[in-house]
Amino acid sequence: MDMTQYLEIFIDETKEHLQGLNQSLLQLEQNPDDTTVLNEIFRVAHTLKGMAGTMGFTKMARLTHDMENVLHALRNNEISVTTKLVDVLFKCLDALENYLNSIVNTSGEGDEEYKDIIQDLNDVLHGNTGNTDAAEAPPDKAAPVVQAALPKEESIYPTANVQLDQYEQNVINKAVEMGMNAFRITVVLSKGCVLKSARSFIIFQTLERYSDIIKSIPKVEDIEDEKFDFEFTVVAVSKESSELFIKELNSIAEVEKVVISSLSACPIDTSGENNNGTSAEVNAVETAAEEELLEEKDEQKTVAASKKAVTGKTVRVDINRLDVLMNLVSELIIQKTRLEGMDGVDRSQTFNESLESLERITTDLHDAVMKVRMVPVETVFNRFPRMVRDISKDLGKEIVLNMSGEETELDRTVIDEIGDPLIHMLRNSVDHGIEPADKRKASGKPVAGHINLKAYQDGNNVIIEVSDDGQGIDTENVKKKAIEKGLISKEMANNLSQKDIIDFLFKPSFSTANKITNLSGRGVGLDVVKTKIESLNGSVEVETEKGKGSRFIIRLPLTLAIIQALLVLIGNEKYAIPISSVSQIINISPEDIKFVQKQEVILLRNMVVPIIRLDKVLGVPAEKSQEKQKQLTVVIVKKGEKLSGFLVDVLIGQQEIVIKSLGKLLQGIRCIAGATILGDGNVALILDVNSLA
Amino acid sequence: MELSSNTDVRQYVVFKLGQDEYGVDIQKVTTIEQVKPIARVPRTPDYIKGVLNLRGDIIPIMDLRKRFNLPVEPDTEDTRIIIIKIEEISIGIIVDSVAEVMNLTEADIENVTNFTTEFSLDYIMGVGKADGRIVTLLNMEKLIKLEDNL
């Protein structure tokens with residue numbers, strides 16, 4: 001058995017527990033009297049302690065142990081929940097996270113002992129007079145009680161009922177002859193033990209240091225696979241005395257009980273019947289009681305089994321394997337599209353039928369693979385409550401963060417990227433959006449500021465909204481700054497719409513904060529947010545009303561890899577326009593194009609829509625016979641709220657395309673979002689609507 | 001001297017461009033392909049001819065004639081695309097024809113700065129001499145660096 005194989009499980013599970021702890025602590029702060037939350041925190045701390053102890057991370061175990069003491073006192077109403085207490089517990093959480101990070105990076109917990117936090121924890125305990133004794137008695141030290149080795153124990157511990165075969169008895173006989181002791185050792189693990197097999201591994205190691213193990217019930221392989229309840233029995237021969245074993249085994253955490261009985265040498269029964277001293281008789285006497293117990297155990301087992309079945313439904317998979325799978329599905333779709341477009345094939349009915357079913361299967365396969373890659377936004381959201389809490393405390397503001405739609409799912413690749421932009425926006429809201437308490441009171445608002453973080457699906461997009469009921473964006477101030485920075489002239493500034501003004505916020509190094517704090521004011525922020533979101537094919541919009549608050553709306557695509565696209569011909573070149581940004585397609589005559597200050601526009605249901613001649617923008621070589629076309633095809637695309645008309649030559653049709661990158665050399669070309677391989681094996685470029693429109 | 005230079009034999013893929021012969025380090029060459037349809041990419045330098053699909057990968061293609069300011073000629077039977085991989089970047093270069101693989105020792109290669117100071121072209125690594133022929137050896141890392149005019 002090797003500990004490294006447990007390390008990954010340990011890391012994953014600790015992560016989950018820490019996340020749960022984070023949430024529970026926040027809840028505890030809100031409802032200090034909620035005993036279920038308190039119990040949950042206690043349970044997590046206890047589990048963490050056990051797991052850390054199992055893995056040999058003693059410093060981590062020590063910290064959680066002290067945490068547990070405090071929580072224990074809390075549970076017994078010896079001390080009460082105070083802000084200071086919660087702060088200390090949060091510090092513990094941070095320290096535990098640091099331990100975990102160090103374990104992830106170096107496989108060791110590091111040297112930091114966080115003596116100050118441990119001191120704080122003890123202060124909390126001692127600050128309360130009287131009942132410290134109870135709190136100081138660590139629960140785990142009380143737990144392992146050394147039991148006298150009584151034969152009766154066998155009835156309580158089913159595995160203690162060891163049947164030795166001839167060979168094993170022989171070994172014992174020999175050992176005893178040589179002056180060694182033979183023991184039957186039953187170890188009972190505490191019920192809360194999480195990594196049973198790892199724990200057993202440590203026990204086995206300890207035993208093997210002092211003795212030779214002859215037999216184990218259940219078998220070692222079964223113990224490795226956690227196929228046992230909470231106890232196992234080994235038969236070992238050793239030169240040491242039983243006291244040493246009791247001492248050593250009890251020093252291992254999560255060992256609830258150790259029962260040792262000596263085995264004596266026994267003449268080998270020729271009938272082959274098993275005989276190991278006293279236990280045989282006891283067996284006969286207590287069969288009835290034992291049967292009862294066994295039944296009980298069986299019941300427990302079935303409960304345990306059904307629990308296992310539920311957890312067994314998930315598999316952790318390396319993201320790279322999913323990417324490989326995704327690539328293969330992509331290739332399959334390309335080939336399918338190619339089959340569909342194939343000419344010169346005898347298109348019999350059976351051919352068409354099997355093509356259709358191929359189409360269905362690939363679509364289902366694609367959906368299935370996509371679903372596998374989907375992760376709820378919760379994984380990003382759940383670190384925000386803590387963050388907002390910390391920032392608002394720093395700033396002395398009272399802020400309530402409401403989150404909804406955490407279950408909304410997004411592609412893994414998107415999830416990994418949106419964390420930072422969202423942190424930026426939340427910080428913005430806390431720092432710039434929500435006013436100081438006195439100002440809020442003056443304007444008749446509740447003292448506590450509200451920030452809403454909302455996620456929901458809208459067609460092929462996922463929308464994430466960050467809104468606050470703060471002071472809103474001061475557009476006049478923004479305008480002033482823009483003029484100061486020389487971005488626009490005074491005259492131009494007066495003609496700007498509110499939306500244009502807000503767009504300045506997304507310009508690099510544009511900050512309206514008058515002084516630099518450690519949160520904001522450096523002007524690095526919204527432009528980074530915008531770049532990041534746009535690199536994910538998403539968009540950011542802002543709605544704001546002075547005095548009432550502002551709302552940032554992030555629109556993200558569900559997936560990045562495969563999209564529906566409209567294929568068009570410009571000159572002789574094929575281009576793909578993501579269908580998600582196509583609003584409609586219209587035919588116009590050349591006379592419909594009007595001019596507004598040299599910009600070509602058309603009127604579409606009373607809206608002025610600028611026309612973009614793609615052949616000019618993309619520098620498509622002009623065709624020789626440029627006859628004046630009577631009909632022009634315009635693809636109306638939307639970029640957020642804004643519409644633009646792309647002038648194209650021919651519409652080819654709608655197709656599922658796989659987005660491929662242009663590679664490192666050509667990345668960063670404006671107006672091209674990537675490339676795709678068409679059914680005929682040729683390459684078509686995907687237009688970046690955001691930068692064209 | 002003889003021995004040590006023998007161990008330093010390097011192989012170069014030799015190709016023709018107009019009348020001149022050029023060589024690239026064989027270690028950097030992935031494959032040599034026949035000409036395939038190439039999709040033009042807008043807003044790139046004119047010597048970037050576009051991208052092509054190489055068994056599912058999108059590979060940018062550079063027209064070496066344009067890069068070296070040679071007159072443009074139509075593709076022939078012999079025109080080839082040499083796919084080169086440098087670190088993570090794959091790129092194809094269009095050449096008139098691929099001639100052979102040549103073995104050159106260090107002694108066969110002459111540093112260009114030795115005979116002219118006019119060369120400001122850092123993408124030329126040196127000149128190889130073998131059997132009375134002269135082969136210009138290209139430094140592909142430098143050659144594929146695009147000016148920042150994207």
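In chain B of this predicted model, 54% of the contacts with a separation of 6 or more are between residues 24 or more positions apart. For chain A, the corresponding share of contacts with a separation of 6 or more is 71%. Burial can be set beside these figures: 31% of the 150 residues in chain B are buried, and 32% of the 693 residues of chain A count as buried.

The secondary structure of chain B consists of three helices and eleven strands. Read from the N terminus, its elements begin with a helix, continue with five strands, reach a second helix, pass through six strands and end with a helix, in the pattern α-β-β-β-β-β-α-β-β-β-β-β-β-α. Chain A has 26 helices and 22 strands, and the rest of this account deals with parts of that chain.

Helix 10 of chain A covers residues 196-210, which is 15 residues. From its first C-alpha to its last the helix reaches 22 Å, close to the 21 Å expected at 1.5 Å a residue. Its buried residues include A:Lys196 and A:Arg199, along with A:Ala198 and A:Ser200. A:Phe201, A:Ile202, A:Ile203 and A:Leu207 complete the buried set of helix 10.

Further along chain A is an open sheet. Its five strands stand in the order 6-8-9-11-10, with mixed pairing. Strand 6 (399-404) and strand 10 (539-545) of chain A each have a single partner strand, so they form the edges and one side of each lacks a neighbour in the sheet. From one strand to the next, the twist averages 15 degrees.

Within the sheet, strand 9 (residues 461-468) and strand 11 (residues 549-557) of chain A run antiparallel and are joined by eight bridges. One of the residues involved is A:Asn461, whose bridge partner in strand 11 is A:Pro557. In general, the strands of a sheet pair through backbone hydrogen bonds, in either a parallel or an antiparallel manner.

Two helices of chain A can be placed relative to these strands. Helix 18 (residues 384-395) packs on the sheet and touches strand 6 and strand 8 (449-458) of chain A. The direction of helix 18 makes about 165 degrees with that of strand 6. Helix 19 (residues 412-433) of chain A lies across strand 6, strand 8, strand 9 and strand 11. Relative to strand 9 of chain A, helix 19 runs at about 20 degrees. Strand 6 and strand 8 are thus touched by helix 18 and also crossed by helix 19.

Key
Residues are numbered from 1 along each chain as its sequence is written. Chains are lettered from A and ligands numbered from 1 in the order in which they are written. This is a predicted model: local features need pLDDT of at least 70, side-chain atom pairs count only at pLDDT 80 or more; totals for chains, interfaces and linings use all residues. Helices (H or I, at least four residues) and strands (E, at least two) are DSSP runs, numbered from the N terminus. A residue is buried if 20 or more other C-beta atoms lie within 10 Å of its own, exposed if 12 or fewer, and partly exposed in between; C-beta atoms are placed from the backbone. Two residues are in contact if their C-beta atoms, placed from the backbone, lie within 7 Å. The expected span of a helix is 1.5 Å times one less than its number of residues. Two strands pair if DSSP finds at least two bridges between them. Axes are lines fitted to C-alpha atoms, for helices over the stretch in contact, and angles run from 0 to 180 degrees between N-to-C directions.
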